[in-house]
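Let's take a walk through this structure, one helix and a few side-chain contacts at a time. Keep the view open and follow along.

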Amino acid sequence: MVAIICASVMGTATACSKKSLAIPDNFCHVPVQTLSPLVPDGDSLKQDYRALEATPGAACNLWVDGHNILYADVTLSTRAPEPTNWNKVGTQYKHVAQRKVAFPGHAAIGSDHAIVEATCSKNTGYLTVSLYFFGDRVDDTPTGYKKLLRFVDDFVPKQTKKFGCTT
């Protein structure tokens with residue numbers, strides 16, 4: 001009887017445990033190498049991509065076990081950007097501040113949110129990228145932004161190239 005109960009408990013524990021997922025090597029139709037720190041353990045991973053209709057851009061989601069983990073909104077603008085006080089952008093989010101990025105442009109990045117304006121080199125335009133990061137991998141501390149900053153530095157330059165903003 002004890003063996004049956006143990007087998008039952010062990011079987012239930014195994015069925016309830018999450019596993020490390022195969023991390024995709026792309027997101028939003030560009031290659032990325034920095035998704036791993038953002039993706040929690042789970043049973044299933046799904047991505048979706050939707051091209052915007054009114055302007056060049058895309059909306060992308062990464063789902064783990066039916067829960068949205070990462071959302072990106074990418075929009076190309078062909079006009080010059082409006083003057084912006086980047087020290088005040090995103091202040092409604094925790095730990096958001098203007099951060100230095102590895103590409104021409106500006107960014108306000110926190111532990112679970114990023115607003116980025118990447119400067120185009122081919123014209124006077126810019127690419128806006130808004131990222132929303134959800135789930136138990138969010139490090140909601142003053143240094144938690146570093147995880148999202150690494151992703152921004154990997155992801156945004158590839159999006160600028162994809163939308164013809166840079167070469």
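Start with helix α2 and what it hides: its buried residues are Tyr145, Lys147, Leu148, Leu149, Phe151, Val152, Asp154, Phe155, Val156, Gln159 and Thr160. Bear in mind that this is a predicted model. Strands do a good share of the covering here, including β5 (67–77), β8 (113–119) and β9 (126–133).

How does the length of α2 work out? The helix has 18 residues (145–162), and at 1.5 Å a residue they should span 26 Å; the end C-alpha atoms sit 25 Å apart, which agrees. There's also a kink of about 25°, centred on Val152. After the helix comes Gly164, with a positive phi near 75°.

Now for the rings. Four aromatic pairs turn up in this model. In one of them, Tyr71 and Tyr132 have ring centres 5.9 Å apart and planes at 40°, so the pair counts as tilted. Tyr71 belongs to strand β5 and Tyr132 to strand β9, so this pair ties together parts that are 61 residues apart in sequence. Tyr71 is partly exposed, at 22% relative accessibility, and Tyr132 is partly exposed too, at 27%.

Back in α2, Phe151 and Phe155 make a stacked pair, 5.0 Å centre to centre with 20° between the planes. Why are they about one helical turn apart? They are four residues apart in the helix. In general, an α-helix has 3.6 residues a turn, so residues three or four places apart point the same way. Both Phe151 and Phe155 are buried, and ring pairs link them with Phe27 into a cluster. Elsewhere on α2, Arg99 lies over the face of Tyr145, 3.4 Å from the ring centre.

Last stop: the cysteines. The whole structure has two disulfides. Cys28 is joined to Cys60, S to S 1.9 Å, and with 60° about the S-S bond this link is right-handed. Cys28 sits in the loop between β1 and β2 while Cys60 is in strand β4 (residues 57–64), so the bond ties together parts 32 residues apart in sequence. Both cysteines are buried.

The other disulfide joins Cys120 to Cys165, also with S to S 1.9 Å. Its torsion about the S-S bond is about -110°, so this one is left-handed. It links distant parts of the chain, 45 residues apart: Cys120 is in the loop between β8 and β9, and Cys165 is in the segment after α2. Cys120 is buried at 6% relative accessible area, and Cys165 is buried at 1%. Counting bonded cysteines along the chain, the pattern is 1-2, 3-4.

Technical notes: Residues are numbered from 1 along each chain as its sequence is written. This is a predicted model: local features need pLDDT of at least 70, side-chain atom pairs count only at pLDDT 80 or more; totals for chains, interfaces and linings use all residues. Side-chain values use heavy atoms; hydrogens and water are left out. Helices (H or I, at least four residues) and strands (E, at least two) are DSSP runs, numbered from the N terminus. The expected span of a helix is 1.5 Å times one less than its number of residues. The bend at a residue is the angle between axes fitted to the seven residues ending there and the seven starting there. Buried means under 20% relative accessible area, exposed over 50%, partly exposed in between (1.4 Å probe, protein chains only). Contact means heavy atoms within 4.5 Å. Rings of Phe, Tyr and Trp (its six-membered ring) pair if their centres lie within 6.5 Å; planes under 30 degrees apart count as stacked, over 60 as edge-to-face and the rest as tilted. A charge sits over a ring if NZ of Lys or CZ of Arg is within 6 Å of the ring centre and within 35 degrees of the ring normal. A disulfide is a pair of cysteine sulfur atoms within 2.5 Å.
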